[in-house]
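Work through these exercises with the model open beside you. Try each task before you read its solution.

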Amino acid sequence: MTAISGHFSSAPVLPKWIAPVLLIAFAYGVVPLIGSSYLFEAILLPFLALSLAGVGLNILTGYAGQVSLGSAAFMAAGAFAAYNFNLRVEGLPLIGSIVLAGFVAAAIGIVFGLPSLRLKGFYLAVSTLAAQFFVQWALTKFSWFSNDSASGVIDAPRLSIAGFALDGAVGRYLFALTIVAIVTFLAYRLVSSQTGRNFIAIRDNETAARIIGIPVLKTKLLAFAISSFIIGVAGVIWAFAYLRTVEPDGFDLDRSFQILFIIIIGGLASIRGAFFGAALIVVFPLALSRLGGLLLGDVFDSGVLDMSQRIVLGALIILFLILEPDGLVALWDRIRRRLLFAWQST
Amino acid sequence: MPLPSYALGVMEASVYAPEVLARGLPSALPPAQPSEGRAEPTGLAAQAAPLLSLQGIGLSFGGVVALADIDLSVHPGEIRAIIGPNGAGKSSLINVISGVYRPDRGHVLLDGVGYAQVPTQRLAHLGVARTFQNLALFKGLSVLDNVASGLAYKVRSNFAGQVLGIGRSRGEQRDTLSRADQILQFLDLSPVRDRLVGTLPYGLQKRVELARALVAQPRLLLLDEPMAGMTASEKGEMAGFVRAARDRFATTVVLIEHDVGVVMGLSDRIAVLDYGRKIADATPDEVRNDQRVIDAYLGVASDNEDGAGI
């Protein structure tokens, strides 16, 4: 009965690192040369920021199995913390502000992760709403956070890494790309480490995880901390590289849901999934608006666009949950296998 | 409150006052000092000290008595089966030993250290591993990673070291994987090493769970129905693995099983539970001929078997 040698003929597969390396090379070497300002401003920058937020949430929700509806709060915490570090600490390089902002978001994540020690699933999700409402309220209420600006708006500082000024759309794109690439690589290392396995173990069977000696409470809080750190850094990119001017209202519950949808559509417990999901979430409204304008002309105004966006997105999420719970990543892998198979058999 | 008379050969009868035990002991206890408060050694105590002993364990859920006054001692290297009809309290007993349930009365001695409730978090450190009646594997992990997770309790490197691949994390990772691979080989699971565990047939999943428990080389291995739902040949195989594990790692095994035939051939001693009470505790041969056991399994003929007068 042990004869399960499995007839999964493994095609001569390229090493796993080839595809990401080529992609990174393309993103650095080719995209800045051919991209238009519209591509950077409207597509790539929000895509990068949301992808990174998705990676962060996926570590918590996809890998460690702790549902959170507070992602936007951690983005806001990161953005406003980086703004204040940059403003108030003399001589701190920008990258230092960003790392410290990540730590601030992580600390807030740990605090709001404490209920996870007793609550699960739906109840935990509801308790993370506290983070969402509290952070947004605090940032609006105490004008110190926004350096006493009216209505809590903050303006991003000039971007530079190691003395290189990164102005303009391309510069901000390279800034975001660099941070996203590094953090994503580290996140990938994390989920394939023992700690990543502990996350999955707790998600799949908490009792068994405790019995075999995985420190469940510590690991859960660690997942909240790391996830919030990454989402906080994503918040900095969102505020500094993409929008340049943000207010606390920009990080509302809708944004939290958006990030949750990204990982549901893209694929839970998959680093790639966050990128797939973010691409869809960013490109889809633009495509819909083009398509609607083309087909319906003037009838398709911004009100209709907004409404139809929500309807189609809602339908998509339901479809994915039912038909492809593993998300776009699973869809992609299946298509790729088919193509490979077809290519081999010819 | 008088000390209950813990009968058989308990060398380290509690050095803790009963009220301390009732409150629950701190998780890290020093080994019991033999000097004070020690019970008079009985004749049987001259034998090697039991690795596990239960003393007067009582457990009830609401009004339902799951376990009543259970005493049990298991000696190092022994394979001890616990059998009994459905609902006899076998799984409850395993859950008490592994700290999932806190008994209402009595305490568990592991290697001479008494616990009112065994600290589940430290179970692996105490050298105790278990499997579950219904599979409790991590479905999202490969077979190898499931088995490797059995060593997670030993990991000292932190996540930063693991992410950056610095410090002791590299050596640890290598060591973990090589030990997991050894166990996979030992249990004949190497061909499915990289498969997602959820895609394996049931019998193999049971074996992966055994591997996950064994990889830490526990001193005490608790198996909750390791052969449930298996075919006869699978059961034979599993019994072989359990015996091999005991022989190779000198592991003491406590196992629950329904199939009396398998148990008779596998165990050194058998404890029989019925309605939460221990009705027998002897060698397989003695149990086989014990009238109370036969009655418990087959039922006692009622006096009015023919139904006369109904």
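Two strands count as paired if DSSP finds at least two bridges between them. Keep in mind that this is a predicted model.

**Exercise 1. How many bridges join S9(B) to S10(B), and in which sense do the strands run?**

Step 1. Find the two strands. S9 of chain B covers 269-274. S10 of chain B covers 277-282.

Step 2. Count the bridges. Five bridges join S9(B) to S10(B). At least two are needed, so the strands pair. They run antiparallel.

Step 3. Pick out one position. Asp274(B) stands opposite Arg277(B) in S10(B).

Step 4. Look at the turn. The hairpin of S9(B) and S10(B) has two residues between the strands. Tyr275(B) takes a positive phi there, near 50°.

**Exercise 2. Give the strand order of the six-stranded sheet of chain B, and say whether it is open.**

Step 1. Write the order. It is S6-S7-S8-S3-S9-S10 in chain B. This sheet is open and its pairing is mixed.

Step 2. Name the edges. Strands S6 (128-130) and S10 (277-282) of chain B each pair on one side only.

Step 3. Read the twist. From one strand to the next, it averages 15°.

Step 4. Check a parallel pair. S3 (residues 79-83) and S8 (residues 252-256) of chain B are parallel and share four bridges. Arg80(B) stands opposite Val254(B) in S8(B).

Step 5. Add the helix. H2(B) lies across S3, S6, S7, S8 and S9 of chain B. Its direction is at about 150° to S7(B).

**Exercise 3. Describe the four-stranded sheet of chain B.**

Step 1. Write the order. The four strands form an open sheet, S2-S1-S4-S5 in chain B, with antiparallel pairing.

Step 2. Name the edges. They are S2 (64-74) and S5 (113-115) of chain B, each paired on one side only.

Step 3. Read the twist. The average is 25° from one strand to the next.

Step 4. Place the helix. H2 (residues 90-97) of chain B packs on this sheet and touches S1, S2 and S4 of chain B. The direction of H2(B) makes about 120° with that of S1(B).

Step 5. Zoom in on one pair. S1 (residues 52-61) of chain B and S2(B) are joined by seven bridges and run antiparallel. Ile57(B) has Ile70(B) in S2(B) as its bridge partner.

**Exercise 4. What area is buried between chain B and chain A, and which residues supply the most of chain B's part?**

Step 1. Count the contacts. In chain B, 37 residues are in contact with 28 residues of chain A.

Step 2. Find the area. The size of an interface is often given as the accessible area lost when the parts come together. Here about 2,800 Å² is buried between the chains, and carbon and sulfur atoms give 65% of that.

Step 3. Name the top three. Gln121(B), Phe138(B) and Val163(B) supply 22% of the area that chain B buries against chain A, more than any other three residues.

**Exercise 5. Which residues form the salt bridge across the interface?**

Step 1. Recall the idea. Side chains of opposite charge can pair when their charged atoms come close.

Step 2. Apply the rule. It finds one salt bridge across this interface. Over all chains, the structure holds 26.

Step 3. Name the partners. Arg197(A) pairs with Asp145(B), with the closest N and O atoms 3.6 Å apart. That lies within the 4 Å cut-off.

Step 4. Locate them. Arg197(A) sits in helix H8 (residues 194-204) of chain A, and Asp145(B) in helix H3 of chain B.

Step 5. Add the polar contacts. Across the interface, seven residue pairs are in polar contact, both residues at pLDDT 80 or more.

Step 6. Sort the B side by class. The side of chain B that touches chain A has 18 nonpolar, ten polar and nine charged residues.

Terms used
Residues are numbered from 1 along each chain as its sequence is written. Chains are lettered from A and ligands numbered from 1 in the order in which they are written. This is a predicted model: local features need pLDDT of at least 70, side-chain atom pairs count only at pLDDT 80 or more; totals for chains, interfaces and linings use all residues. Side-chain values use heavy atoms; hydrogens and water are left out. Axes are lines fitted to C-alpha atoms, for helices over the stretch in contact, and angles run from 0 to 180 degrees between N-to-C directions. Contact means heavy atoms within 4.5 Å. Buried area is the accessible area (1.4 Å probe) that two parts lose on being put together, summed over both. A salt bridge is a side-chain nitrogen of Lys or Arg within 4 Å of a carboxyl oxygen of Asp or Glu. A polar contact is a pair of N or O atoms within 3.5 Å; within protein, one must be able to donate a hydrogen and the other to accept it, and residues adjacent in sequence count only if both atoms are side-chain atoms. Ala, Val, Leu, Ile, Met, Phe, Trp, Tyr, Cys and Pro count as nonpolar, Asp, Glu, Lys and Arg as charged, and the others, Gly among them, as polar.
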